[in-house]
Amino acid sequence: MTFAFHDHELDIGRRELRRGGAPVAIEPQVFDLLVHLIRNRERVVSKDELIASIWGGRIVSESAVTTRLNAARRAVGDTGATQSLIRTVPRKGVRFVGEVTERGTLVAAECAVAPLEAVALALPDRPSIAVLPFVNMSSDPEQEYFADGITEDIVTALSKWRWFFVIARNSSFTYRGRDIDVERVGRELGVRYVLEGSVRKAGNRVRITAQLVEAETGSHLWADRYDRQLIDIFAVQEEVTRNIAAAIEPALTRTEGQVAVRKPPADMLAWDFFLHGQWHFHQMSADSRAKALACFERAAVLDGDLADAHVGIARTLHGNAVYGHSTDSESDLHRAITAARRALELDNDNAYAWYILAMTQATHGEAAVAVESACKAVELNPNMPWGHFALAVASLYRGQIGTALTAIDMALRLSPNDPQRFAWLATRASALFLLRRYDEAIQTALQSRSAHRFTTASRVLAASYGQLDLHRQAAVAVVEMLEVGGTERTIADVIRPFTRLADREHYSEGLRKAGLRET
């Protein structure tokens with residue numbers, strides 16, 4: 001495909017820009033920026049979209065975007081003053097306004113008289129997914145850009161989950177306007193899963209539906225619908241994208257784990273053992289956690305470069321210590337930190353690794369560095385709820401209670417049915433306790449306890465009842481706290497991770513009133 005404009009040609013296949021037939025020197029990022037603007041020339045492209053498309057959603061400065069735009073203008077003989085080809089729309093973004101002729105489409109059509117049967121592609125060893133163009137169900141054809149924007153953003157968001165194999169936007173968009181047979185899509189693109197959806201706009205409201213389908217069987221694994229006010233269309237787009245991306249991950253984890261569990265060990269590769277471990281990890285019992293650890297360790301032996309195997313080891317060891325499944329919690333925490341750091345040596349951009357490093361650091365009393373690690377996890381994948389959970393825990397221990405509440409609410413919003421929801425609610429209850437909102441803390445801790453008996457929830461109940469001078473309820477909560485196990489057996493154990501003196505004294509007072517021993 002070649003785009004011709006003014007006296008230039010942008011050759012996609014050769015990745016070449018020519019002026020008057022002569023090649024023009026252009027950086028790869030600037031070339032990609034030009035391609036994106038020209039392909040979307042019918043609309044204004046926001047700077048956030050450019051960052052998502054060209055930089056993969058990484059945090060970059062405003063000046064970096066401006067620098068690339070200026071370089072693109074220079075490459076095509078435009079300037080910021082004239083803006084004859086690339087025009088800035090104040091507070092909205094940029095748009096390519098030159099007249100463009102596409103070359104190559106007609107030739108392709110003429111060559112397609114006798115198409116060959118598409119060859120089925122082998123499935124990758126990772127969960128593989130294609131996001132098909134969301135269908136514009138509105139009567140307004142102008143809303144096509146919104147449907148496309150949703151699709152592109154979901155592709156970008158899913159690509160941040162490093163163990164997903166996500167088909168690029170250009171391939172999945174070849175199915176636009178065609179009758180969809182998901183089994184055929186799966187064969188042609190070599191994916192196990194297909195995400196499809198629709199957008200319907202009416203007045204000042206928009207309805208977005210999405211469904212995740214297993215391509216081979218046509219089974220629906222997950223579906224949801226989002227009804228939103230179009231007060232800020234780009235905010236709506238961002239929110240829906242974030243929710244869909246976060247919801248798909250646990251759906252695929254469950255399905256892939258079930259597939260791995262059904263395989264005989266002799267046929268399992270490193271990735272199968274990792275998925276098998278993931279499945280056992282979420283079963284929450286001491287026996288299942290032991291099986292999970294064995295699977296993760298086996299995966300690490302089979303593939304020395306599999307960072308996720310070391311993440312699994314770290315998560316399991318940390319969980320054993322926190323949930324009372326460990327015979328030596330201090331040793332397990334040290335081993336968890338070592339495993340998390342090993343994962344980062346193998347893959348420094350692994351958001352899961354930064355998340356579990358933050359959790360182990362926070363539990364080990366290193367709140368300040370834990371906040372930095374958690375922020376790195378959120379930066380790498382803002383759609384991953386566990387990164388926000390780690391930020392909440394680390395911020396709570398550091399004394400940044402407002403930040404902790406905001407982060408835990410984001411985690412709960414991104415994954416409202418997460419298997420670890422009880423732990424997130426317990427963290428929220430702890431933040432409410434430190435804000436002296438004892439009644440709310442008790443209600444939230446009871447919600448957590450109704451799902452799973454967890455020492456943090458029992459601790460919050462004991463301290464809150466103690467501060468309210470409800471001695472009988474406080475005593476019952478202390479007994480439960482000690483029965484559950486974990487690293488918190490005394491007041492000294494509880495307050496160790498908290499760095500702010502006022503928080504340490506506040507918890508000490510409540511737990512002392514509840515009857516927990518000092519040391």
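Helices here, α11 among them, are DSSP runs of at least four residues, numbered from the N terminus, and I will use those labels throughout for what is a predicted model. With that in place, let me begin with the enclosed spaces and then turn to three helix pairs.

Rolling a probe the size of a water molecule over the atoms shows where empty space is left. For this model, the count comes to two cavities of 30 Å³ or more. The largest cavity has a volume of about 50 Å³, and its lining consists of Trp 163, Phe 274, Gln 278, Asp 308, Val 311, Gly 312, Arg 315 and Tyr 352. Which helix gives the most to that lining? It is α11, with four residues, while α9, residues 270-281, and α11, residues 307-322, each supply at least two. If we sort the lining of the largest cavity by class, we find four nonpolar, two polar and two charged residues.

The second largest cavity holds about 30 Å³ of space, and around that cavity we find Lys 160, Trp 161, Arg 162, Asn 350, Ala 351, Tyr 352, Asn 381 and Met 384. Here too I can give the classes: the lining of the second largest cavity divides into four nonpolar, two polar and two charged residues. Please keep Tyr 352 in view, since Tyr 352 is listed in the lining of the largest cavity and in that of the second largest cavity, and it will come back in a moment.

Let me move on to packing. Two packed helices are described by the angle between their axes and the distance between the axes.

I start with α11 again, which packs with helix α13, residues 351-363, at an angle of about 25°, the axes being 10 Å apart. With angles under 35 degrees counted as roughly parallel, α11 is therefore roughly parallel to α13, and the crossing of the two is left-handed. On the α11 side, Val 311, Ala 314, Arg 315, His 318 and Val 322 take part, and they meet Tyr 352, Ala 353, Tyr 355, Ile 356, Met 359, Thr 360 and Thr 363 in α13. By class, this contact has eight nonpolar, three polar and one charged residues. So that you can connect the two parts of the talk, Val 311, Arg 315 and Tyr 352 take part in this contact and also line the largest cavity.

The next pair is helix α19, residues 455-467, and helix α20, residues 471-484, whose axes come within 8 Å and cross at roughly 160°. Because angles over 145 degrees count as roughly antiparallel, α19 is roughly antiparallel to α20, and their crossing is left-handed. From α19 the contact draws on Thr 455, Ser 458, Arg 459, Leu 461, Ala 462, Tyr 465 and Gly 466, and from α20 on Gln 473, Ala 474, Ala 477, Val 478, Glu 480, Met 481 and Val 484. These residues divide into eight nonpolar, four polar and two charged.

Finally, towards the start of the chain numbering, helix α1, residues 28-39, and helix α2, residues 47-54, have axes that come within 10 Å and cross at roughly 125°, which makes α1 oblique to α2. Is this crossing left-handed or right-handed? α1 passes α2 in a right-handed crossing. The residues in contact are Gln 29, Asp 32, Leu 33, His 36 and Leu 37 of α1, together with Glu 49, Leu 50, Ser 53 and Ile 54 of α2, and by class they comprise four nonpolar, three polar and two charged residues.

Note on methods:
Residues are numbered from 1 along each chain as its sequence is written. This is a predicted model: local features need pLDDT of at least 70, side-chain atom pairs count only at pLDDT 80 or more; totals for chains, interfaces and linings use all residues. Side-chain values use heavy atoms; hydrogens and water are left out. Axes are lines fitted to C-alpha atoms, for helices over the stretch in contact, and angles run from 0 to 180 degrees between N-to-C directions. Angles under 35 degrees count as roughly parallel, over 145 as roughly antiparallel, 65 to 115 as roughly perpendicular and the rest as oblique. A crossing is left-handed if the near helix is turned anticlockwise from the far one by less than a right angle, and right-handed if clockwise. Contact means heavy atoms within 4.5 Å. Ala, Val, Leu, Ile, Met, Phe, Trp, Tyr, Cys and Pro count as nonpolar, Asp, Glu, Lys and Arg as charged, and the others, Gly among them, as polar. On a 1 Å grid over the protein atoms alone, a cavity is a set of points where a 1.4 Å probe fits but cannot get out, and a pocket is an open set with protein on both sides within 12 Å along at least five of seven lines; lining residues have an atom within 4 Å of a point. Grid points are joined across faces, edges and corners, and a volume is the space filled by probe spheres set on the points.
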